[in-house]
Amino acid sequence: MGTTGVFYHPSFSRRSYLTVGRRLADFPGAIEPLLARSHVLLCESPRASDDLIRLVHDPGLIPEVEADPL
Amino acid sequence: MGGVVEAMRRVAAGELANAFAFIGAGGHHAGRRSFGGYCCFNDVCIGIAAARRLGLAARVAILDTDAHHGDGTREIVEDDPAILHACVCGTAYASRDGTKRDLAVAWDAAADPDAAYLAAVRPVFPALCRAFQPDLVVWYFGFDGHRGDYGDMGLGPACFRGLADLMAEVAAEAAGGRLVVVLGGGSRTDLATALIPPIIARLADAA
């Protein structure tokens, strides 16, 4: 049996998705029974570097997003 | 976004059998030079680019079941024949090479919306994947089409459970089980709490 990874960061539960701040307020508690399985691994989502973003996006998009009030 | 990239890398590398990635902001509306629709950077496309840079996952199949069209993703992968991008939309479309598809739901007021939605996906996406032979399958999972959310399509939990079963089966058949589920739209806490755990459970059962 392989491992299922669940990528999560506590900040997602404080303010997740820009439309509604706390849609993930119940996580990771809501998946605690699943995380008790030996082959389900909770992984903290790392911060992505600007280098990764520039693999796809125009470099000018980064400061535009950073300046957005949302 | 970093979690999506890392999930895709680790599944493509065989370190994980499959993965679910929560997100802090959306991705599929972000194009190369644009952002909006509550999406900042295109997490899935960045994940593909990062995996490819490492020599992983040259061919990727994406099914987008968010209530709104994945226009940013489509713009980015439009000319990439090694990306199969299927989006469940209001209108049907197929690119000349068949790797870009919009799957229209045949809504019928008398029919069960869950059944109608699954009927748009089930006969098409598995066959596309079998022919495409992806190294990795990505499900862009928005629950905003659930009844009472902002993209209300009348869908219920059975639709999302059905999609989870279908995607696990497709990944097993076409990509050695390598499936990454990326959270998309959806706003309600109660729906997130009800709909997400069964999908992670399905991944765990398939691992």
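## A helix pair in chain B

In chain B, helices α4(B) and α6(B) cross with a right-handed twist. This is a predicted model, so take what follows as a reading of that prediction.

How do the two helices sit relative to each other? Helix α4 covers residues 113-121 of chain B and helix α6 covers residues 157-174 of chain B. Their axes come within 9 Å and cross at roughly 20°. Angles under 35 degrees count as roughly parallel, so α4(B) runs roughly parallel to α6(B).

## Who touches whom

On the α4(B) side, the residues at the contact are Asp114(B), Tyr117(B), Leu118(B) and Val121(B). Facing them from α6(B) are Ala158(B), Cys159(B), Gly162(B), Leu163(B) and Leu166(B). Sorted by class, the contact has seven nonpolar residues, plus one polar and one charged.

## The chain around the pair

Stepping back, chain B has seven helices and seven strands. Going along the sequence, they come in the order α-β-α-β-α-β-β-β-α-α-β-α-β-α.

As for contacts in chain B between residues at least 6 apart in sequence, 66% of them join residues at least 24 apart.

## Overall dimensions

What radius of gyration does chain B have? The value is 15 Å, which agrees with the figure near 17 Å for a compact globule of 207 residues. The C-alpha atoms of chain B fill a box of roughly 50 × 35 × 35 Å along the principal axes. Of the 207 residues in chain B, 57% are buried.

Note on methods:
Residues numbered from 1 in each chain as written. Chains lettered and ligands numbered in written order. Predicted model: local features only at pLDDT ≥ 70, side-chain atom pairs only at ≥ 80, totals over all residues. Axes fitted to C-alpha atoms, helices over the stretch in contact; angles between N-to-C directions. Helix = DSSP H or I, 4+ residues; strand = E, 2+ residues; numbered from the N terminus. Parallel < 35°, antiparallel > 145°, perpendicular 65-115°, else oblique. Left-handed = near helix turned anticlockwise from the far one by under 90°. Contact = placed C-beta atoms within 7 Å. Nonpolar A, V, L, I, M, F, W, Y, C, P; charged D, E, K, R; others polar. Rg over C-alpha atoms; globule rule 2.2 N^0.38 Å. Buried ≥ 20, exposed ≤ 12 C-beta atoms within 10 Å, placed from the backbone.
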